[in-house]
Amino acid sequence: MTKIEKIFANNKEWVAGKLNKDPSYFDNLSKGQTPEFLYIGCSDSRVTAEDLMGVQPGEVFIHRNIANMVISIDLNAMSVLNYAVRHLKVNHIIVCGHYECGGVKAAMQSKDLGLLNPWLRNIRDVYRLHKDELKSITDEGKRYNRLIELNVQEQCVNLIKTAAVQQANKERGLQVHGWVFDIHTGKLIDLKINFPEILESIMEIYKLD
Ligand code: CO
């Protein structure tokens, strides 16, 4: 069996398993979605969103890219965000980073990475914003972990800068959460992003609602 054939065999087994538990499983699934969460995570193959959160199809709207970035001119991310917030009416948005993130590691190196340069530049900007704190960490591994956490925090701030998030927060109390998946232990860590405080602190120039 080839690797591709194996995937189709797995799928057949998955369908049978679902139907065995609930014969109308796919009929119900096809009726629509009302997810409560939007998850923005890294494309890394080891960070499998649904698995690590223990959620089922229909529960989480998902967007993944290199290093879980939220960039205001990224039409893809902004389309996902607007659809999730304004149409699906999710009540929670999660930015989930992860330790050992290759995207963040690449951004920490001073070298030309071609097409990835403009993407990673956004992470290099996070480094610049928090340079004093990061440079005070002498252990390179700890500095790397901290940049991963600060990158999540800055992407949460980027979410809060959008009109969709500000309006939904006002209308129905939508919240933004920053998490890190600890790939060494499998645990999810809540960075306890202070949503109201960030909202308040950036309102002077970013207020759009
Ligand atoms: Co990553």
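**Cobalt site, salt bridges and sheet**

C42 is buried, with a relative accessibility of 6% (buried: under 20% relative accessible area; exposed: over 50%; partly exposed: in between; 1.4 Å probe, protein chains only). The model is predicted: local features need pLDDT of at least 70, side-chain atom pairs pLDDT 80 or more, and totals for chains, interfaces and linings use all residues. Numbering starts at 1 in each chain as its sequence is written, and side-chain values use heavy atoms, without hydrogens or water.

Reader: Which residues coordinate the cobalt ion?
Author: The donors (N, O or S within 2.8 Å of the metal, or 3.2 Å for Na, K and Ca; water is not among the atoms, so sites may look incomplete) sit at 2.0 to 2.3 Å. Their spacing along the chain is C-x55-H-x2-C. Two bind through SG and one through NE2. They are C42, H98 and C101.

Reader: How many residues separate C42 and C101?
Author: C42 belongs to strand β1 (37-42), and C101 to the loop between β3 (92-98) and α5 (102-107) (DSSP runs from the N terminus: helices H or I, at least four residues; strands E, at least two). C101 is buried too, at 2% relative accessible area. The pair links distant parts of the chain, with a separation of 59 residues.

Reader: Which residue joins R121 and R128 into one network?
Author: R121 and its partner form a salt bridge, closest N and O atoms 3.3 Å apart (Lys or Arg side-chain nitrogen within 4 Å of an Asp or Glu carboxyl oxygen). R128 meets that same partner at 3.7 Å. Shared salt bridges join R121, R128 and D125.

Reader: Why are R128 and D125 about one helical turn apart?
Author: An α-helix has 3.6 residues a turn, so positions three or four places apart point the same way. Both lie in helix α6, and their separation is about one turn because they are apart by three residues.

Reader: Is R128 buried or exposed?
Author: R121, at 49% relative accessibility, is partly exposed. D125 is partly exposed as well, at 22%. R128 reaches 54%, so it counts as exposed.

Reader: Which strands are the edges of the sheet?
Author: Five strands make an open, mixed sheet, ordered β2-β1-β3-β4-β5 (paired: at least two DSSP bridges). Each edge strand pairs on one side only. The edges are β2 and β5.

Reader: Which residue in β4 stands opposite I93?
Author: Strands β3 and β4 (175-182) run parallel, joined by seven bridges. In β4, the residue opposite I93 is V176.
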